[in-house]
Amino acid sequence: MVYAVRAFHLVIGIGMTAATTYLWYAALFRVLNRWTALSVVVLAVQWIIVAFNHGHCPMGVIHARYGDEKTLFELVAGKQYAIHGFRNWGIICALGFAVLVVRVALGR
C-alpha cells in the first residue's frame, strides 16, 4: 500500500509541476486561455488545502498512516532539500502568478 500512496502522490506532484510550469509560461508570454485558468485554479486549490493544513502537505498524514516515513520531496530530492522544497514551490507559484497579473494588467 505504501507504493500505491507514493504513486498517487507522485501523480499529484507531476500535475502540480505541470500547472506551475504552465503558469510561468502563461506569465512570460502573456497567454490567457483555459489552460491558464485551470493552472491557476489547481494551484489555488492546492495552496488553500495546504494553508488549512498549517503549511504542510496533507498527503504526509496519509503516508504516515500507511507506515511511510518519507515525504514525496524527500524521495525525489533528498532530505536536506525536502525541508524547504514545499515552501519554495509556493513562493515560485506566487511569483509566477504575480508576474501573470502584472503582465495582463499592463497589457505587455
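This tour goes from the whole fold to the nonpolar core, the largest pocket and a few single residues.

**The whole chain**

Begin with a cartoon view of the entire chain, keeping in mind that this is a predicted model. The protein has 5 helices and 0 strands, so that, with helices and strands taken as DSSP runs, the order of elements from the N terminus reads α-α-α-α-α. If you align the view to the principal axes, the C-alpha atoms fill a box of roughly 50 × 25 × 25 Å. Switching to a surface representation displays about 7300 Å² of exposed area, 71% of which is supplied by carbon and sulfur atoms. Of the 108 residues in the protein, 26% are buried. A contact map would add one further point: among contacts between residues at least 6 apart in sequence, 74% join residues at least 24 apart.

**The largest nonpolar core**

Next, select M16, A19, L23, A26, A27, V31, L43, W89, C93 and L100 and show their side chains, since these 10 residues form the largest nonpolar core. The elements that give two or more residues to this core are α1 and α5, and α1 gives the most, with 5 residues.

Within that selection, centre the view on M16, which is found in helix α1. Is M16 buried or exposed? Its relative accessible area is 10%, and because buried means under 20%, M16 counts as buried. Leaving aside neighbours within four places in sequence, the residues that M16 touches are V42, L43, Q46 and W89; two of these contacts, L43 and W89, are also listed as members of the core. For a sense of distance, draw a line from the C-alpha atom of M16 to that of E69, 53 residues away along the chain, and the separation is 22 Å.

**The largest pocket**

Now hide the core and turn to the empty space. Rolling a probe the size of a water molecule over the atoms shows where such space is left. The largest pocket holds about 600 Å³, and a suitable selection for finding its centre is H56, C57, T71, F73 and F86, the closest to that centre of the 26 residues in the lining.

Colouring the lining by helix shows how it is assembled, with at least two residues each from α1 (2-29), α2 (34-52), α3 (59-65), α4 (72-77) and α5 (79-106). Which helix supplies the largest share of the lining? That helix is α5, with 6 residues. Recolouring by residue class instead divides the lining into 15 nonpolar, 8 polar and 3 charged residues.

**A loop residue with positive phi**

Move then to R30, whose place is in the loop between α1 and α2. Most residues other than glycine have a negative phi. R30, although it is not a glycine, has a positive phi of about 50°. Its side chain can be inspected in the surface view as well, where R30 counts as partly exposed because its relative accessibility is 36%.

**A last stop on α5**

Finish by selecting A98, which lies in helix α5. With a relative accessible area of 37%, A98 is partly exposed, in contrast to M16, which is buried. A closing distance can be drawn from A98 to F52: the two are 46 residues apart in sequence, and their C-alpha atoms lie 22 Å apart in space.

Notes:
Residues are numbered from 1 along each chain as its sequence is written. This is a predicted model: local features need pLDDT of at least 70, side-chain atom pairs count only at pLDDT 80 or more; totals for chains, interfaces and linings use all residues. Side-chain values use heavy atoms; hydrogens and water are left out. On a 1 Å grid over the protein atoms alone, a cavity is a set of points where a 1.4 Å probe fits but cannot get out, and a pocket is an open set with protein on both sides within 12 Å along at least five of seven lines; lining residues have an atom within 4 Å of a point. Grid points are joined across faces, edges and corners, and a volume is the space filled by probe spheres set on the points. Helices (H or I, at least four residues) and strands (E, at least two) are DSSP runs, numbered from the N terminus. Ala, Val, Leu, Ile, Met, Phe, Trp, Tyr, Cys and Pro count as nonpolar, Asp, Glu, Lys and Arg as charged, and the others, Gly among them, as polar. Buried means under 20% relative accessible area, exposed over 50%, partly exposed in between (1.4 Å probe, protein chains only). A nonpolar core is a set of buried Ala, Val, Leu, Ile, Met, Phe, Trp, Tyr and Cys residues joined through side-chain atoms within 4.5 Å. Contact means heavy atoms within 4.5 Å. Accessible areas come from the Shrake-Rupley method with a 1.4 Å probe; for residues, only the protein chains shown count as cover.
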